[in-house]
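The following paragraphs lead through the structure shown below, with attention to its overall form and its charged side chains.

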Amino acid sequence: MKVLIIGGVAGGATAAARLRRLDENAEIIIIERSGYVSYANCGLPYYIGGEITDCSALTLQSPESFKRRFRIDARVRQKAVSIDRASKTVRIRRLADGTEYTEGYDKLILSPGAHPVIPDLPGIDSKRIMTLRTVEDTFRIYDYIAEHSPSSAVIIGGGFIGLETAENLKNRGLDITLLQRGRHVMPPLDEDMAAFVHTYMRKNGIDLRLSSSVTGFKETENGITAMTEDGEFTADMAIVSIGVAPESTLAKDAGLALGVKGAVAVDAHMRTSDENIYAVGDASEITDFISGKKTVIPLAGPANKQGRIAADNICGIESEYKGAQGSSVLKLFDMTVASTGYNERTAALYGFDHDYVLLTSASHAAYYPGAKSMNIKVLFEKGTGRILGAQIIGFDGADKRIDVLAAAIRAGMTASDLTELDLAYAPPYSSAKDPVNMAGYVIENILTGKVKQAHWDEALEADGVILDTRTGFEYADGHIDGAMHIPLDSLRERISELPKDKTIYVHCQSGLRSYIACRILSQKGYDCRNVAGGYGYYAAVVNGSCPAEKGTGPCGMSIK
């Protein structure tokens, strides 16, 4: 059997190695247009920033190592030009000299990845404007900095690569302006959670401009200017990082069926509309795990799994890809930004009747030194309590909590299931009731009617009473205009001050004390709502205060 693989990196290289482990006699050839057959795509910004100092660490396998260990013929700097499905051949061009040849196959795997979206704007061809997608892109940016010693950069786009590049260039000493066309950075996040990221970026010296759409570029004596409707931003260099699109031209020209966003349509076996051709990675359409709808998720984790599954099926092993939920994590200076499953926009798009809870939790037991804060948002289906998605912004422990919640979504768990998870506990690592357990308890209280919940937009617009149950010190430090202030510990004695003919919207700093207050009020005949997230959430999202890095105690106050 002869298997030809177009594209290496995550999907193609994984498929090749898996094929060899399953079939020692197969002839396996990889055609890779870049100079690197298998490299750590996600590590590229960290080489630019100096976190990774050895460029060879970026390459996971070379053509030589593939040959030595796996007897795989990996050919770099070669490009697949066309596929002849009838003759089962691929025309290939050697990029070094432009010569072409034809290679046959029994089975073909397409793993061409995705290409950066380059906007058709005036001045986009400037040599001062770069993208970051391949190892060659990384070296180009690195060498440009070494040769020209730029003092500033403007970054277009606030997704993963945009933010990672902003951090790493900032760490190199450059002044950074980041222009984001939308209202918030990091599309997997909701706007409220992204607000924590915005204030933190600005605290770390990044000039973040939201709702700033670039209309063109122009070179000047001072560098490159990005023009927007609201002004012009000049820097020594520019990085365009506004997203990627599936590299599906080869498949389209071969007559293969395409799907969402022009990605190659595949079945659960990663097989295309041609039974002898498979597609994996960023170029392929896959199934959204939660809804079962078709989608595109250009991440390394899914690509690796898809490559393995394609290899299994080629070798006669029944293997299915059951879909992805887009779990991701990002380091931004000392902050961790993590998400899995749906945000509010996606949940609404797919028709889920959903709500969410907000928690402020310490990364480990609050009394143990070094606790850091986490802001957690968990989406759930109203009728069933099934977990639909989660977002965590924090300074320690966010990664392991998002992984637990990702596993919970994969298992179809409900809020009640979260409360029962038996998670490892010791004071340096967690709390006896882990934040994941707490998320389950908060949702369960809502679903069982122990408390009614409101969000800040509802509380601020309603004809009711906003009740602040924090301490006098907290209230004096900042409060909502017009809010009635009764500390929780005085509520029972002062309860008669509250009107019974209005809904009481209760908040504290994070939501715990206000929950206790709601339990008191509801049992005394009051109609009350616990305002999700408390004043801490309000201050960060509405007032733009920077999230505290120190963990919070049970009362929601920062640990001294």
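A salt bridge is counted here when a side-chain nitrogen of Lys or Arg lies within 4 Å of a carboxyl oxygen of Asp or Glu. By that criterion, a search of the whole structure, which is a predicted model, yields 28 salt bridges.

The overall form provides the setting for these pairs. The protein contains 17 helices and 32 strands, and its C-alpha atoms occupy a box of roughly 90 × 60 × 40 Å along the principal axes. Its radius of gyration is 26 Å, which agrees with the value near 24 Å for a compact globule of 560 residues. Buried residues constitute 54% of the 560. Of the contacts with a separation of 6 or more, 63% join residues 24 or more positions apart.

As to charge, the protein carries 61 positive and 70 negative charges, whose mean positions are 3 Å apart. Side chains of opposite charge can pair when their charged atoms come close. In the salt bridge between R91 and E100, the closest N and O atoms are 2.5 Å apart. R91 is classed as partly exposed because its relative accessibility is 34%; E100, with a relative accessible area of 34%, is likewise partly exposed.

Another salt bridge joins D137 to R140 at 2.8 Å, N to O. Both residues belong to helix 4 (residues 135-148) and are three residues apart, about one turn of the helix. D137 is buried at 10% relative accessible area, whereas R140 is partly exposed at 45%.

R513 and E474 also form a salt bridge, with their closest N and O atoms 2.8 Å apart. This pair links distant parts of the chain, helix 16 (residues 512-523) and helix 14 (residues 472-477), its members being 39 residues apart. Both R513 and E474 are buried. Finally, K2, D73, R75 and E103 are connected in a network of salt bridges.

Methods
Residues are numbered from 1 along each chain as its sequence is written. This is a predicted model: local features need pLDDT of at least 70, side-chain atom pairs count only at pLDDT 80 or more; totals for chains, interfaces and linings use all residues. Side-chain values use heavy atoms; hydrogens and water are left out. Helices (H or I, at least four residues) and strands (E, at least two) are DSSP runs, numbered from the N terminus. The radius of gyration is taken over C-alpha atoms; the globule rule is 2.2 Å times the number of residues to the power 0.38. Buried means under 20% relative accessible area, exposed over 50%, partly exposed in between (1.4 Å probe, protein chains only). Contact means heavy atoms within 4.5 Å. Lys and Arg count as positive and Asp and Glu as negative; His and the chain ends are not counted. The place of a charge is taken as NZ of Lys, CZ of Arg, CG of Asp or CD of Glu.
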